[in-house]
Amino acid sequence: MITLNHYLVLAAALFCIGLYGVLTSRNALRIVISVELILNAVNINLAAFSVFVAPKQAIGVSFVPFLMVIAAAEFGLALAIIITLNRTSDINAVESLRKLWG
């Protein structure tokens, strides 16, 4: 039987993998994919808590499609920006951001 703890462990693992990818990667596409992993961890938490805590209300499950649409739009926009930056100049977007941070 799968319990709430199993879902929480899965979401925590996805979140940690995504956070590690965001913090250590120098490739902008990998950073975007890592952010998608973090958003999917949030989706798993919302759905799991909705099913196990308030199964009749389905509040958390109703937020999951909205987050999936937001994640898809974010990924499309970030991919378009990365491709445009790579085509128009030799500037590496991640290195430029790291220089701005100091």
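This report describes the fold, the second helix and one aromatic pair of a single protein chain.

**Overall architecture**

The model is predicted. Its protein chain contains four helices and zero strands, and the order along the sequence is α-α-α-α. Of the 102 residues in the protein chain, 20% are buried. The accessible surface amounts to about 7,300 Å², and carbon and sulfur atoms contribute 73% of that area. Among contacts in the protein chain with a separation of 6 or more, 60% involve residues 24 or more positions apart.

**Helix H2 and the loop before it**

Helix H2 covers residues 28–53, 26 residues in total. At 1.5 Å a residue a span of 38 Å is expected, and the end C-alpha atoms of H2 lie 37 Å apart, which agrees with that expectation. The buried residues of H2 are Ala28, Val32, Ser34, Glu36, Ile38, Ala41, Asn43, Ala48 and Ser50. In an α-helix there are 3.6 residues a turn, so residues three or four places apart point the same way.

The N-terminal end of H2 is capped by Asn27, which places a side-chain oxygen 3.1 Å from the backbone nitrogen of Leu29. Asn27 also takes part in a second polar contact: its backbone nitrogen lies 3.2 Å from a polar atom of the side chain of Ser25. Ser25 belongs to the loop between helix H1 (4–24) and H2. With a relative accessible area of 9%, Ser25 falls under the 20% limit and therefore counts as buried.

**The aromatic pair between H1 and H2**

The model has one aromatic pair. Tyr7 and Phe52 form this pair, with 5.9 Å centre to centre and 50 degrees between the planes, and the arrangement is tilted. The angle lies neither under 30 degrees, as stacked rings require, nor over 60, as edge-to-face rings require, and the pair is therefore classed as tilted. Because Tyr7 lies in helix H1 and Phe52 in helix H2, the pair ties together parts that are 45 residues apart in sequence.

Both ring-bearing residues are partly exposed: Tyr7 has a relative accessible area of 31%, and Phe52 has one of 36%. The table sets these values beside that of the loop residue Ser25.

| Residue | Relative accessible area | Class |
|---|---|---|
| Ser25 | Ser25: 9% | Ser25: buried |
| Tyr7 | Tyr7: 31% | Tyr7: partly exposed |
| Phe52 | Phe52: 36% | Phe52: partly exposed |

Note on methods
Residues are numbered from 1 along each chain as its sequence is written. This is a predicted model: local features need pLDDT of at least 70, side-chain atom pairs count only at pLDDT 80 or more; totals for chains, interfaces and linings use all residues. Side-chain values use heavy atoms; hydrogens and water are left out. Helices (H or I, at least four residues) and strands (E, at least two) are DSSP runs, numbered from the N terminus. The expected span of a helix is 1.5 Å times one less than its number of residues. Buried means under 20% relative accessible area, exposed over 50%, partly exposed in between (1.4 Å probe, protein chains only). A polar contact is a pair of N or O atoms within 3.5 Å; within protein, one must be able to donate a hydrogen and the other to accept it, and residues adjacent in sequence count only if both atoms are side-chain atoms. Contact means heavy atoms within 4.5 Å. Accessible areas come from the Shrake-Rupley method with a 1.4 Å probe; for residues, only the protein chains shown count as cover. Rings of Phe, Tyr and Trp (its six-membered ring) pair if their centres lie within 6.5 Å; planes under 30 degrees apart count as stacked, over 60 as edge-to-face and the rest as tilted.
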